[in-house]
Number of protein chains: 2
Amino acid sequence: MNTNPTTIGQYLIERLLAHGVKHVFGVPGDYVLGFFQEMAQSELHLVNTCDEQGAGFAADAYARLNGLGVVCVTYCVGGLKIANTTAQAFAEKSPVIVISGAPGTDERIHDPLLHHKVRSFDTQLKVFEQLTVATAVLDNPLTACSEINRVLEAALHHCRPVYIELPRNMVHAPVFPMPVAIPVAETSDPNALAEALREATAMIAQAKRPVILAGEELHRFGLQSLLNDLVEETDIPVAATILGKSVFPESHRRYLGIYEGALSHPEICDYVESSDCLICLGSILTEIDLGIYTAHLNQDHCIYVSNERLAIRFHRYDHVQLRDFLEGLVNAHLSVCNTDTITQIKTPEFQIDYNQRITLGRLFGRLDTFIDQNTIVIAEPGDALFSGADLHIQQRNRFLSPAHYTSLGFAVPAALGAQLADPTLRPLVLVGDGAFQMTGMELSTIVRFGLNPIVVVLNNQGYATERPMEDGRFNDVLNWHYSRLSEVFGAGQGFTIRTEGQLETALYFASQHTGSFCILDVQLEPNDTSLSLKRLTQVLAERVHSTASM
Amino acid sequence: MNTNPTTIGQYLIERLLAHGVKHVFGVPGDYVLGFFQEMAQSELHLVNTCDEQGAGFAADAYARLNGLGVVCVTYCVGGLKIANTTAQAFAEKSPVIVISGAPGTDERIHDPLLHHKVRSFDTQLKVFEQLTVATAVLDNPLTACSEINRVLEAALHHCRPVYIELPRNMVHAPVFPMPVAIPVAETSDPNALAEALREATAMIAQAKRPVILAGEELHRFGLQSLLNDLVEETDIPVAATILGKSVFPESHRRYLGIYEGALSHPEICDYVESSDCLICLGSILTEIDLGIYTAHLNQDHCIYVSNERLAIRFHRYDHVQLRDFLEGLVNAHLSVCNTDTITQIKTPEFQIDYNQRITLGRLFGRLDTFIDQNTIVIAEPGDALFSGADLHIQQRNRFLSPAHYTSLGFAVPAALGAQLADPTLRPLVLVGDGAFQMTGMELSTIVRFGLNPIVVVLNNQGYATERPMEDGRFNDVLNWHYSRLSEVFGAGQGFTIRTEGQLETALYFASQHTGSFCILDVQLEPNDTSLSLKRLTQVLAERVHSTASM
């Protein structure tokens, strides 16, 4: 720990580096320029995106892979553009540090009408108090270092975003950093933990067909090896939630597939719902995870444990940590307690029919054979996600999607964040045309930083998720010639795909040319949607048409 | 006033139409789909943009021209994307109605983890409480109609944004609308008004060189004719603030030009600052209006009146309305009280030098002769604004720019909003390359709705405003081939411009072809910035480098 005199800006940079942050995403502006210059001269790599929204999404993806992500923007005109991406990080537990420049404390006297100011100088702070687990305004050199450490710890502990506001005259303010306080680790109540483990292990031991439902927290809190240990010892089969997809290796002999109520494959649905002991690990179980309330999980057979809640059947235990409980299960040495032969849905063989018009089903059939160990699949909400859920992901943590918050516009900027977080990966981006038109131009940033995702645009000329619920011209988008974007950027390669043969050509080219992005404009029939999406929209439509009576 | 039974959705639509709203900007999503369908079947025209940010900016521009604008989005993933555009409408007094769909009241029981939810069901409401002057959640049919009217009145009265949240099960909820309550008009205190007018008229009558500084509120509150009357009677010369540019006809014989402290033309600066009676009308006088504190206005000679404040010299009058005071001045029949011959900076002659490399100065020189009575100039903050401020705008309200809040990304979507608000106008969009990369793809929406702006991209490959303050790779953007965008959209026409002759060709083409957009990629030297911007960035740089000491 360096305790030499430094500055607030330098100290913040040092703490980010110490926590493994190597890249910072953002757009500069005069209130944050001084700090940008400090970062540019440090070991941090600055990644300036086309729009702040792209930086926010990229930082979220980076955080999911790296354990911490940073987005740095200017005051209000920058910060308020990432309210939505920060909300997503909050909803889906992604530890993103939002750093915003701000007017200097010396500029705030008599409350002048400075540029970028909205209502008062703390408007942006108040907004981010709603969207983060901790906020700090670094307006006092005496407390700045401890404030920085407080909010960083909060981000890591809750796996959620935090907000740091840095008035511009404070960037170079001298500070004497004190040793970092050792955070008080939250520990489990040993009695509650012991009783919960006794009850859970007895329940599992007596069960004939226990099954594990694995969620995203196992990844976020680094508990995947424990899950692996548990499965190796007990042979309990594992299904994953959609938000938790790829939290468990999908090629594992005990992996069932994705469970999401009636939206899941019927065999997986039956297996999970008929289990006499369902062990839900690290999932916040959203309505999407539960197939929009089509799930039939018998709570009487359920052990539910997440970072915030432990419940067995209909009673709760307080103050038991997910990690401690999971370690307890592993150490209980349950031995093999599920000898079921499970049906695994393998990647089907794929025979190309070169002149055949491409369909959604065939596209994903082909992509399932295309992805390899270095592929990270990034799926936009909509059919990219619902079809993408059936892809066989070979490695852990190789599938990203905002499956709960379901904000559109994530996928392309997420490819930027993901590939910078792990340069050994090549993103396969699955994105609808509507979502692509929101943030797809971040391909520009992808070009600047020399990355090479393969972007598959599911081009059905509009919002296919919404058409079955209510249709109108408001669901249409312009039919861009997506393949021409490579001419706009002067880089990358575009393909227009209407047949299986054209898909083959494009995928072959993409596999051979790794110097820049490839964009595949896959022209689908507007009503060519997946079975999952059809089921989903049917359930959703009922809610669109529900009415309160007076 | 229709008092037949209706629904909340229908009543809201009816009130929007009654207030002169014809277009609604937005992006659909399942929580707002039912209301979108209701709107689609009404007389309202729905304009779905590529991204919600575009809809927010378009609605702001529409509000500035039409007197009220509407942006309609889905819950959180839509609403939080327009936090910034709503903040801009707040800061610059633009009456934008934000309508957000939301989960039904029947879906909120037991606080489930619905998609799009952040922390709690009122997270988005709390965010918008910071960014608007009134909010309403239409969760009760008994009060929904009066709530709608309350927030609409607030938007009109304050000329600022309001927020309406519509739970989706309430769209079709039956209501019996009560007659609209007559809002209690705020009136001036007659004694304060009379005394203020006596003092002001005496001051003006005694002055040798009175001058008016006209601001944006004269436009927002519909007081421009009163200003005209005052000038016709008194011959007092008029300067405008930059936020108020085109609030007074710039071809008028008593129009001086834009005043913005040391950033303004020296003759205008001298005239305003040496006046013995400066009448500031309807300006909130931001730091930008004051040339980043380079203004030298003598408060001892100043009559300052805005919608929120009336001050003469160093004392204030409470409860005097801007309109009443202005009417009082007109009715005081001051007769001619300024006989100065004023120097007007006329549009200079422009002789093309066909093979000459284009420069920023020559570009704006040519554009100044190109604009006509049907042109609305929309200028992005940066040199588009600072050079654009010198253009001679022939009609009132034909110049739009977020000159105070200075958010980037406004101009292209604003062209969409402005041309739909007034189809007789053709937007001339002045936009830096950095800002274009944020929201320029809304050209796609412009194509869908058959509009024809001329978009001039000031392509200097980065953030030219920031380079003089702090430079680094973080100020670079990719050098797009902007002219190729017409190929991506399958519409419009692109031009690459390096010489004055190429500019001439492009402008001639644009004047002849009015069927779609034209985009002019004007390739400038990175350091080719306006004199105003050079002065501005010098002042700003001092603030970037200021430091607090411990």
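Is B:His404 buried or exposed? In this predicted model, B:His404 counts as buried, at 2% relative accessibility. The tour will return to this residue once the two chains have been viewed as a whole.

**Chain A as a whole**

Select chain A and display its secondary structure. It contains 19 helices and 21 strands. Its radius of gyration is 24 Å, close to the 24 Å that the globule rule gives for 550 residues, so chain A is as compact as a globular protein of that length. Turn the C-alpha trace along its principal axes, and it spans about 70 × 65 × 60 Å.

Next, colour chain A by accessibility. Of its 550 residues, 67% count as buried. The accessible surface amounts to about 18,300 Å², and carbon and sulfur atoms account for 49% of it. For the charges, select the side chains that carry them: 38 are positive and 62 are negative, and the centres of the two sets lie 1 Å apart. As for how the chain is connected, take the contacts between residues at least 6 apart in sequence; 76% of them join residues at least 24 apart.

**The two copies**

Bring chain B into view beside chain A. A rotation of 180 degrees, with 0.0 Å of shift along its axis, superposes chain B on chain A with an RMSD of 0.0 Å. The two copies are thus related as by a two-fold rotation axis. The same surface serves both of them, since 100% of the contact residues of chain B recur in chain A. To locate the axis, select B:Val127: of the residues of chain B, its C-alpha comes closest, at 2.5 Å.

Now go back to B:His404, in the loop between β17 (399–400) and α14 (411–421) of chain B. Which residues is B:His404 in contact with, leaving aside its neighbours within four places in sequence? From chain A, the contacts are A:Leu113, A:Leu114, A:His115, A:His116 and A:Lys117. From chain B, they are B:Ala91, B:Glu92, B:Leu243, B:Ile284, B:Thr286 and B:Ile288.

**Two covered helices**

Select residues 360–370 of chain A, which form helix α12. Eight of its eleven residues are buried, so α12(A) is largely enclosed by the rest of the structure. Show the side chains of the buried set: A:Leu360, A:Leu363, A:Phe364, A:Gly365, A:Arg366, A:Leu367, A:Asp368 and A:Phe370. Charged residues are among them, namely A:Arg366 and A:Asp368. To see what surrounds this set, add the elements of chain A against which it packs: the helices α13 (383–388) and α18 (500–512), and the strands β18 (426–432), β19 (454–459) and β21 (518–523).

Move to chain B and select residues 33–40, helix α2. This helix is mostly covered, with seven of its eight residues buried. The buried residues are B:Leu33, B:Gly34, B:Phe35, B:Phe36, B:Gln37, B:Glu38 and B:Met39.

**Two buried residues of chain A**

Centre the view on A:Ile99, in strand β5 (residues 96–102). A:Ile99 is buried, with a relative accessible area of 0%. Not counting residues up to four places away in sequence, A:Ile99 touches A:Leu12, A:Leu16, A:Phe35, A:Val70, A:Val71, A:Cys72, A:Val73 and A:Ile164. Select A:Val162 as well: A:Ile99 and A:Val162 are 63 residues apart in sequence but 8.6 Å apart in space, C-alpha to C-alpha.

The next stop is A:Lys245, in the loop between β10 (238–240) and β11 (255–258) of chain A. With a relative accessible area of 3%, A:Lys245 is buried. Beyond four places in sequence, A:Lys245 touches A:Ala240, A:Glu250, A:Ile258, A:Gly388, A:Ala389, A:Leu391, A:Ile393 and A:Phe399. A:Ala403 is 158 residues from A:Lys245 in sequence, yet the two C-alpha atoms are 9.6 Å apart.

**Two positive phi angles**

Finish with the backbone. Select A:His319, in the loop between β15 (315–317) and α11 (322–331) of chain A. The phi of A:His319 is near 60 degrees, a positive value in a residue other than glycine. A:His319 is exposed, with a relative accessible area of 59%.

Then select B:Cys76, in the loop between β4 (69–73) and α4 (83–91) of chain B. B:Cys76 also has a positive phi, of about 60 degrees, although it is not a glycine. In contrast to the exposed A:His319, B:Cys76 is buried, with a relative accessible area of 0%.

Terms used: Residues numbered from 1 in each chain as written. Chains lettered and ligands numbered in written order. Predicted model: local features only at pLDDT ≥ 70, side-chain atom pairs only at ≥ 80, totals over all residues. Heavy atoms only, no water. Helix = DSSP H or I, 4+ residues; strand = E, 2+ residues; numbered from the N terminus. Rg over C-alpha atoms; globule rule 2.2 N^0.38 Å. Buried < 20%, exposed > 50% of the residue type's maximum accessible area, 1.4 Å probe, protein only. Contact = heavy atoms within 4.5 Å. Areas by Shrake-Rupley, 256 points an atom, 1.4 Å probe, with all protein chains shown as cover. Lys, Arg positive; Asp, Glu negative; His and termini not counted. Charge placed at Lys NZ, Arg CZ, Asp CG, Glu CD. Least-squares fit on C-alpha atoms with pLDDT ≥ 70 in both.
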